[in-house]
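Thank you for letting me take a few minutes of the meeting. Please have a look at the chain on the screen before I start to walk you through it.

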Amino acid sequence: MTRFALTVVRHGETRLNKEKVLQGQGIDEPLSETGFKQAAAAGRFMSKVRFTHAFSSDLTRAKQTMHGILKHNLFCKDMTVQYDSRLRERKYGAAEGKPLSDLRNMAKEAGEECPFFTPPGGETLDQVEMRGKQFFEFLCQLILKEADQKQQFSPGAPSNNLETSLAEIFPLETNYSSEVNSDSGAPGLVASVLVVSHGAYMRSLFGYFLTDLKCSLPASLRKFELSSVSPNTGISLFIISFEKGKEPTPKCVCMNLQDHLNEVTKTLSVIC
């Protein structure tokens with residue numbers, strides 16, 4: 001069995017987040033002052049995590065957030081980031097650049113619920129989920145290939161350095177501590193992947209984990225959190241286990257963690 005850690009972070013706040021204006025893919029807004037502070041806070045919070053891979057959406061707000069996180073990491077300051085368009089936010093088409101209230105009105109006029117409504121020129125929820133599935137499958141194949149190559153040149157079990165660094169940062173409650181505890185008897189992590197993406201995209205990806213891959217959850221996670229949008233720079237951690245020929249099995253350690261934001265002025269955010 002091969003195991004790796006997947007840490008997914010939503011980008012920091014932009015001016016349009018605060019103004020509740022939809023950005024999607026067409027409005028490439030940079031981080032606001034608060035957004036840069038949030039990214040730095042997330043970086044300090046995860047400064048001792050040993051990441052092996054870094055992937056980001058190629059939109060400016062995500063790229064700036066990734067830079068802010070890695071800048072404060074003790075081990076990954078010079079890590080090469082791979083920018084991937086599959087990690088972009090949902091495309092909102094005609095609603096991009098308009099207030100969220102306009103999207104709600106468009107959905108109401110169409111007789112549909114807002115989260116499920118597709119504005120003209122926008123992506124359907126199924127299309128967004130497909131992008132997330134394609135990226136995740138690519139990631140699993142990459143990690144498995146690299147693990148096989150390492151095993152050929154350096155036989156033996158992976159070290160526990162990666163999960164030890166996670167265990168020092170993330171709260172270890174009894175309901176999920178064994179997933180990142182090196183004493184659990186599970187094989188060591190072969191990789192620790194950092195991903196920076198967007199609110200609606202992350203909600204879709206996590207929905208795929210929960211519904212299709214039967215992701216297990218910590219008992220402390222409340223039901224409403226499963227469908228809520230991550231706050232800006234909210235952190236979610238999953239341990240992914242998989243074998244050749246079988247579907248991967250994600251286990252959620254935490255979802256939309258925001259402990260690091262205590263030092264930053266909290267601001268309202270929207271799905272953008």
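I will go from the annotated positions to the nonpolar cores, and then to one stretch of strands and a helix.

Before that, a word on the basis: this is a predicted model, in which local features need pLDDT of at least 70 and side-chain atom pairs count only at pLDDT 80 or more, while totals for chains, interfaces and linings use all residues. Residues are numbered from 1 along each chain as its sequence is written, and side-chain values use heavy atoms, with hydrogens and water left out.

Let me begin with the annotation, where the unreviewed UniProt entry places the feature "active site" at His11 and Glu89. They span 79 residues in sequence, yet no two of their C-alpha atoms are more than 10.4 Å apart, so they gather at one spot. Please keep in mind that UniProt positions are given in the numbering used here, that feature names are shortened, and that annotations may be inferred rather than shown by experiment.

Where in the chain does His11 lie? His11 is in the loop between strand S1 (2–10) and helix H1 (15–18), whereas Glu89 has its place in the loop between strand S3 (82–83) and helix H4 (100–109). Helices (H or I, at least four residues) and strands (E, at least two) are DSSP runs, numbered from the N terminus. His11 is buried, with a relative accessible area of 0%, and Glu89 is buried with a relative accessible area of 0% too; buried means under 20% relative accessible area, exposed over 50%, and partly exposed in between, with a 1.4 Å probe and protein chains only.

Now to the interior, where the largest nonpolar core has 32 residues, and those with the most contacts inside it are Phe4, Leu6, Phe136, Phe209 and Phe238. A nonpolar core is a set of buried Ala, Val, Leu, Ile, Met, Phe, Trp, Tyr and Cys residues joined through side-chain atoms within 4.5 Å. Which element gives the most to this core? That is H5, with nine residues. Apart from this core lies another one, of 27 residues, among them Val9, Met66, Cys76 and Ile169.

My last part starts at strand S2 (residues 53–56), from which His53 and Phe55 point one way and Ala54 and Ser56 the other way, all of them buried. In a regular strand the side chains alternate between the two faces of the sheet. S2 pairs with S4 in the parallel sense over four bridges, and the bridge partner of His53 in S4 is Val193. S2 and S3, which run parallel, are joined by two bridges, with Ser56 opposite Tyr83 in S3. Two strands pair if DSSP finds at least two bridges between them.

From S2 the chain crosses through helix H3 (residues 60–71) to S3, in a β-α-β crossover that is right-handed, meaning that, with the strands pointing away from the viewer, the path from the first strand over the helix to the second runs clockwise. At 1.5 Å a residue, the twelve residues of H3 should span 16 Å, and its end C-alpha atoms are 16 Å apart, which agrees; the expected span is 1.5 Å times one less than the number of residues. The buried residues of H3, including Met66 and Ile69, pack against S1, H2, S2 and S4, where contact means heavy atoms within 4.5 Å.
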